[in-house]
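Subject: Structure for you to look at

Hello,

Here is the structure I said I would pass on. Please open it next to this email and follow along as you read.

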Amino acid sequence: MADCKVLMISYGRFRSEQAVSSDTLLNKILRGYLEFDGLVVGDYGAVEHSSQKGNPEILKQRAIEALVAGNDIELPSNNCYKFLSELIKDGLIDEQYFEKAVKRSLMLKARLGLLSTDRKLYANGDLDLDCPQYRKTSYDLACQSIVLLKNNGVLPLSGKHKKIALVRPNANTYWCMLADYTY
């Protein structure tokens, strides 16, 4: 795993299971076969994905499935994992799964020095995720990138094919062109 210590699992499917709650994917392959010892974070909404929004019983079941499968942290809103203390108290999930997740989270924080009194990260204030250096790196990478399209004789544009129409609600917003997770 090239010394990777955090992995974000998607809200997609692995074989016939939700990836975030797949014992085969997280415990057997990732932690077993690949010997990954880091933190697994569920992608935004992955734990509650495809559940009936607001139904506490389904949210509780999703929390149990994801935590037992090895997903340590639910992002971003804690809609399912907020029930873990109740589920443990009621004996619906073994406390060991919760302890493992907390241990992995604290181990990562310790490795990063976040638990140290002389920590370096954030020592000089907030992180700037949109500094000129990062913008230049992003620009340079974009300039060196290509998009491979299947050309069935349309490109390059010629004759009557000189214009392309962009339609739908996001066609006129540059934020959507930048994709998710941009600042």
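**What was found**

Arg15 is exposed, because its relative accessible area is 67%, and exposed here means over 50%. This residue sits in the loop between β2 (13-14) and β3 (17-18). Its phi is near 55°, which is a positive value in a residue other than glycine. Please keep in mind that this is a predicted model.

A second residue with a positive phi is Asn78, at about 60°, and Asn78 is not a glycine either. Asn78 belongs to the loop between β5 and α3. With a relative accessibility of 35%, Asn78 counts as partly exposed. The loop between β5 and α3 (84-89) also holds Pro76. The peptide bond that joins Leu75 and Pro76 is cis, with omega at about -10°.

**The chain as a whole**

The protein chain has six helices and five strands. Along the sequence they follow the pattern β-β-β-α-β-α-β-α-α-α-α. Of the 183 residues in the chain, 27% are buried. The chain exposes about 13,600 Å², and carbon and sulfur atoms supply 56% of that area. Consider the contacts between residues at least 6 apart in sequence: 60% of them join residues at least 24 apart.

**The sheet and helix α4**

Which strands form the open sheet, and in what order? There are three, in the order β1-β4-β5, and the pairing is parallel. β1 (6-9) and β5 (73-74) are at the edges; each has a single partner strand, so one side of each has no neighbour in the sheet. Between β1 and β4 (residues 39-42) there are four bridges, in the parallel sense. To find this pairing on your screen, look for Val6, which stands opposite Leu39 in β4.

Helix α4 lies across β1, β4 and β5, and runs at about 110° to β4. Helix α4 covers residues 95-111, and Val102 is found in it. Val102 counts as partly exposed because its relative accessibility is 34%. Together with Phe98, Leu106 and Leu115, Val102 makes a nonpolar surface patch of about 330 Å².

**Salt bridges**

Side chains of opposite charge can pair when their charged atoms come close. A salt bridge is counted when a side-chain nitrogen of Lys or Arg is within 4 Å of a carboxyl oxygen of Asp or Glu. By this rule there are ten salt bridges. Three of them are described below.

The pair to start with is Asp37 and Lys5, whose closest N and O atoms are 3.0 Å apart. Asp37 lies in the loop between α1 (23-33) and β4, while Lys5 lies in the segment before β1, so the salt bridge ties together parts that are 32 residues apart in sequence. Asp37 is partly exposed, with a relative accessibility of 42%. Lys5 is also partly exposed, and its relative accessible area is 22%. Lys5 and Asp37 are linked with Arg111 in a network of salt bridges.

Another pair is Asp23 and Lys28, with the closest N and O atoms 3.3 Å apart. Asp23 has a relative accessible area of 29%, so Asp23 is partly exposed.

The last pair to look at here is Arg31 and Asp72, with the closest N and O atoms 3.0 Å apart. This salt bridge links distant parts of the chain: Arg31 is in helix α1, Asp72 is in the loop between α2 (56-69) and β5, and the two are 41 residues apart. Are Arg31 and Asp72 buried or exposed? A residue is buried if its relative accessible area is under 20%. Arg31 has a relative accessibility of 14%, so Arg31 counts as buried. Asp72 has a relative accessible area of 6%, so Asp72 is buried as well.

Regards

Notes. Residues numbered from 1 in each chain as written. Predicted model: local features only at pLDDT ≥ 70, side-chain atom pairs only at ≥ 80, totals over all residues. Heavy atoms only, no water. Patch = residues over 30% accessible without salt bridge, like charges linked within 9 Å, V, L, I, M, F, W, Y side chains within 5 Å. Areas by Shrake-Rupley, 256 points an atom, 1.4 Å probe, with all protein chains shown as cover. Buried < 20%, exposed > 50% of the residue type's maximum accessible area, 1.4 Å probe, protein only. Pairing = 2+ DSSP bridges. Contact = heavy atoms within 4.5 Å. Axes fitted to C-alpha atoms, helices over the stretch in contact; angles between N-to-C directions.
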